[in-house]
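Me: Got a model open here and want to talk through how it packs. Can you take a look with me?

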Amino acid sequence: MDIDNEIALALKPDIEDYMICLKKNKLMEKVIEVNDLCKDAEDIEFFYIMFLKGTLELEGGVCKLYNRINNKINNPKKTNKFIYKFLKLQYKSANNMWSFWECDEYNIESWDRDIKFTNYEL
């Protein structure tokens with residue numbers, strides 16, 4: 001999922017604080033060690049996703065993230081669309097439900113997973 005530049009810039013200070021906190025508490029090495037998707041301590045894309053997932057898992061996390069983004073960019077429509085797309089992607093990932101287009105777009109190999117394409121019937 002591509003993160004809109006305006007939203008990425010709005011979240012950048014929070015991501016940097018998050019990464020500093022991980023380094024201070026000596027958790028950065030552990031995160032890199034257990035996550036094969038994380039390249040190194042400067043893998044900003046990985047930490048954006050980790051920050052977003054962590055924030056959304058908190059009680060009231062959707063509201064917190066919405067307010068954090070919208071207070072900086074002042075564009076409720078763009079903020080809603082971003083959070084909706086991120087939550088939808090998280091749901092699809094957790095339930096392994098992908099369209100053929102998404103398999104192609106995100107390079108999901110159908111033989112690597114038990115993919116549920118749809119349960120729609122006519």
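Me: Let's start with H4. Which residues are exposed on the other side of H4, away from its buried ones?
Reply: This is a predicted model. In it, Cys 63 and Asn 71 are the exposed residues on that side of H4.

Me: And which residues of H4 are buried?
Reply: Gly 61, Leu 65, Ile 69, Asn 70 and Ile 73. They sit on the same side of H4, because they cover an arc of only 140° around the axis.

Me: Why would that spacing work in general?
Reply: An α-helix has 3.6 residues a turn, so residues three or four places apart point the same way.

Me: What do the buried residues of H4 pack against?
Reply: H1, H3 and H5.

Me: How far apart are the end C-alpha atoms of H4?
Reply: They are 18 Å apart. That agrees with the expected span, because 13 residues at 1.5 Å a residue should give 18 Å.

Me: What follows H4?
Reply: Asn 74, with a positive phi near 50°.

Me: Switching to the core. Which residues touch the most other members of the largest nonpolar core?
Reply: Leu 11, Ile 15, Phe 47, Leu 65 and Ile 69, out of 22 residues. Helices H1, H2, H3, H4 and H5 each give two or more residues to this core.

Me: Which helix gives the largest share?
Reply: H1, with 7 residues.

Me: What does Phe 47 touch, leaving out residues up to four places away in sequence?
Reply: Its contacts include Ile 15, Tyr 18, Met 19 and Leu 22. Phe 47 also touches Met 28, Val 31, Cys 38, Asp 40 and Ala 41.

Technical notes
Residues are numbered from 1 along each chain as its sequence is written. This is a predicted model: local features need pLDDT of at least 70, side-chain atom pairs count only at pLDDT 80 or more; totals for chains, interfaces and linings use all residues. Side-chain values use heavy atoms; hydrogens and water are left out. A nonpolar core is a set of buried Ala, Val, Leu, Ile, Met, Phe, Trp, Tyr and Cys residues joined through side-chain atoms within 4.5 Å. Buried means under 20% relative accessible area, exposed over 50%, partly exposed in between (1.4 Å probe, protein chains only). Helices (H or I, at least four residues) and strands (E, at least two) are DSSP runs, numbered from the N terminus. Contact means heavy atoms within 4.5 Å. The expected span of a helix is 1.5 Å times one less than its number of residues. The arc is that of the directions from the helix axis to the C-beta atoms.
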